[in-house]
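This report considers the nonpolar cores, the helix packing and selected local features of the structure shown below.

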Amino acid sequence: MIVVAGEALIDLVPQGTGALAALRPALGGGPYNTAVALGRLGSPTAFCSRVSYDAFGEALLERLRETGVDVAPVQRGTEPTTLAVASVDANGSAAYSFYVDGTADRLFAEPADLPPGTRAVSFGTCSLVLEPGASAYEGLLRETAARGVFTALDPNIRAGLIPDPDAYRARFKSWLPSVSLLKLSEEDAAWLGGTPREWLASGPAAVVVTRGGAGLTAFTRDGGEYAVPGERVEVVDTIGAGDTVNAALLHGLAARDALDPDGLAALGPEKWTGLLGFAARAAAITCSRAGAEPPYAHEMTA
C-alpha cells in the first residue's frame with residue numbers, strides 16, 4: 001500500500017484566452033493527482049486528507065473510488081473545497097491563483113495510524129504550507145519516517161501561498177532527514193536554493209529533478225547521476241505532469257522492491273534509467289491531454 005497525504009481541490013481551467021474566459025472545474029491538487037495516477041497504474045493506494053462534504057468534495061472522492069484508491073483514511077468537513085484558478089501560457093505551462101481561506105483541507109488532523117501494509121507515504125504541495133494542517137502533515141511525515149516507512153516529498157512550490165519564503169526554506173531543510181526520496185522541478189530547486197548534493201547530505205537516499213521537456217535526472221547518495229530525455233509529445237498543458245512523475249517513480253520503485261533506502265541504493269544505472277524513462281513516458285501522456293489525466297497501466301505498455 002502506498003499512501004498519498006495532502007490536499008484535494010478543484011482546478012478552474014480557462015477554456016479560452018483573456019481574463020474573463022470561461023472556467024471549467026477539474027478535479028485536482030498535487031497529492032490528489034498523484035493518488036489517481038498511482039491507482040491508474042495499478043498500485044494499491046490510499047488517500048489521506050480532509051475533504052469537504054460539498055458537491056466538489058463528493059466528486060473528488062468518487063473519482064478516487066472509481067480509480068480503486070482507498071478513501072477510508074479521508075477526514076471530512078463542512079467547510080468548502082479549495083479552489084485553484086489556473087492560467088495556461090502558449091507553451092501549455094500552468095500557473096495558479098488559490099482560494100484557500102476557511103477550506104476543508106486546511107483543518108487536516110494527524111491520524112492515529114495508517115492503513116495496514118503501508119510501505120510508503122508521499123507528501124507535498126499546498127498541504128505543507130497552509131496551517132494548521134501543514135503542521136499535522138509535517139508531524140505525520142516525521143512520525144512515519146521514524147517508524148522506518150519510506151517517505152517521498154515533492155515540495156511543488158506555489159510561491160503565492162508562502163508569506164515568508166525564508167521561513168519556508170528553513171522548514172524544507174528541516175524535513176530532509178525524514179525524506180527517503182525528494183522529487184522536485186528545476187524551478188522548485190531554483191526557488192528553494194541549494195543543490196541535489198546538498199540535499200542528499202541532509203537525508204534523502206535519492207533526489208530526482210524534473211526539467212520539463214528536457215527530461216529527468218536522478219542523483220543518489222553514492223555519487224550516482226542518471227538522466228533521461230523527455231518524450232516528444234504535442235503538449236496540450238502540463239497540469240498534473242509532475243504529480244504523474246511522483247506516481248510513476250513510486251509505482252516503479254514498488255515494482256523493483258526498492259521502497260526503502262537500501263533498495264534505492266541497490267539500483268544501478270540500468271534500473272535507474274529504466275525507472276526515469278517510465279516516469280518520462282507517463283508525464284508525456286499526461287501532457288498530451290487537457291487537465292490532470294494521467295495514464296492507465298495499459299497505456300504504458302501499448
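## Nonpolar cores

In this predicted model, the largest nonpolar core has 49 residues, of which Phe-47, Leu-64, Leu-253, Trp-272 and Leu-276 touch the most other members. Helix α9, spanning residues 269-287, gives the most to this core, with 8 residues. A second core, separate from this one, comprises 39 residues, among them Leu-114, Ala-136, Leu-140 and Ile-157. In soluble globular proteins, nonpolar side chains tend to be buried together.

Leu-64 can be followed further through its contacts. Neighbours within four places in sequence being left aside, Leu-64 is in contact with Tyr-32, Ala-35, Val-36, Phe-47, Val-69 and Val-71. Of these partners, Phe-47 is itself among the five core residues that touch the most other members. Leu-64 also takes part in the packing of two helices, since it is one of the α2 residues that meet α1.

## Packing of helix α1 against α2 and α7

Two packed helices are described by the angle between their axes and the distance between the axes. For α1 and helix α2 (residues 55-66), the angle is about 25 degrees and the axes are 9 Å apart. With angles under 35 degrees counted as roughly parallel, α1 is therefore roughly parallel to α2. On the α1 side, Tyr-32, Ala-35, Val-36 and Arg-40 meet Ala-59, Leu-60, Arg-63 and Leu-64 of α2. By class, the residues of this contact are 6 nonpolar and 2 charged, with no polar residue.

Helix α1 (residues 30-41) also packs with helix α7 (residues 241-255), at an angle of about 45 degrees and with the axes 8 Å apart. The two helices are therefore oblique to each other, and the crossing of α1 and α7 is right-handed. In α1 the residues involved are Gly-30, Asn-33, Thr-34, Ala-37, Leu-38 and Leu-41. They meet Asp-243, Thr-244, Asn-246, Ala-247, Ala-248, Leu-250 and His-251 in α7. The contact of α1 with α7 divides into 6 nonpolar, 6 polar and 1 charged.

## Packing of helices α3 and α4

The axes of α3 and helix α4 (residues 165-175) come within 11 Å and cross at roughly 25 degrees. That angle makes α3 roughly parallel to α4. Ala-134, Ser-135, Glu-138, Leu-141 and Arg-142 of α3 make the contact with Arg-171, Ser-174 and Trp-175 of α4. The contact of α3 with α4 has 3 nonpolar, 2 polar and 3 charged residues.

## Backbone features in loops

The loop between β9 (120-124) and α3 (133-146) holds Pro-132. A cis peptide bond, with omega about 5 degrees, joins Glu-131 to Pro-132. Thr-125 lies in the loop between β9 and α3 as well. Although Thr-125 is not a glycine, its phi is positive, at about 65 degrees. Is Thr-125 buried or exposed? Its relative accessibility is 6%, so Thr-125 counts as buried.

A positive phi, near 55 degrees, is also found at Asp-257, a residue other than glycine. Asp-257 is placed in the loop between α7 and α8 (261-266). With 55% relative accessibility, Asp-257 counts as exposed.

Gly-18 belongs to the loop between β2 (9-14) and β3 (23-28). It is exposed, with a relative accessible area of 58%. Gly-18 and Leu-267 are separated by 249 residues in sequence and by 48 Å in space, C-alpha to C-alpha.

## Buried residues in strands β12 and β13

Thr-210 is placed in strand β12, residues 206-210. Its relative accessible area is 11%, and Thr-210 is therefore buried. Beyond neighbours within four places in sequence, Thr-210 is in contact with Lys-183, Leu-184, Ser-185, Glu-186, Gly-215, Leu-216 and Val-245.

Phe-219 is found in strand β13, residues 216-220. Phe-219 counts as buried, at 14% relative accessibility. Not counting residues up to four places away in sequence, Phe-219 touches Pro-196, Arg-197, Leu-200, Ala-205, Ala-206, Val-207, Val-209, Gly-224 and Glu-225. One of these partners, Val-209, is 10 residues from Phe-219 along the chain, and the two C-alpha atoms are separated by 8.3 Å.

How values were computed: Residues are numbered from 1 along each chain as its sequence is written. This is a predicted model: local features need pLDDT of at least 70, side-chain atom pairs count only at pLDDT 80 or more; totals for chains, interfaces and linings use all residues. Side-chain values use heavy atoms; hydrogens and water are left out. Axes are lines fitted to C-alpha atoms, for helices over the stretch in contact, and angles run from 0 to 180 degrees between N-to-C directions. Helices (H or I, at least four residues) and strands (E, at least two) are DSSP runs, numbered from the N terminus. Angles under 35 degrees count as roughly parallel, over 145 as roughly antiparallel, 65 to 115 as roughly perpendicular and the rest as oblique. A crossing is left-handed if the near helix is turned anticlockwise from the far one by less than a right angle, and right-handed if clockwise. Contact means heavy atoms within 4.5 Å. Ala, Val, Leu, Ile, Met, Phe, Trp, Tyr, Cys and Pro count as nonpolar, Asp, Glu, Lys and Arg as charged, and the others, Gly among them, as polar. A nonpolar core is a set of buried Ala, Val, Leu, Ile, Met, Phe, Trp, Tyr and Cys residues joined through side-chain atoms within 4.5 Å. Buried means under 20% relative accessible area, exposed over 50%, partly exposed in between (1.4 Å probe, protein chains only).
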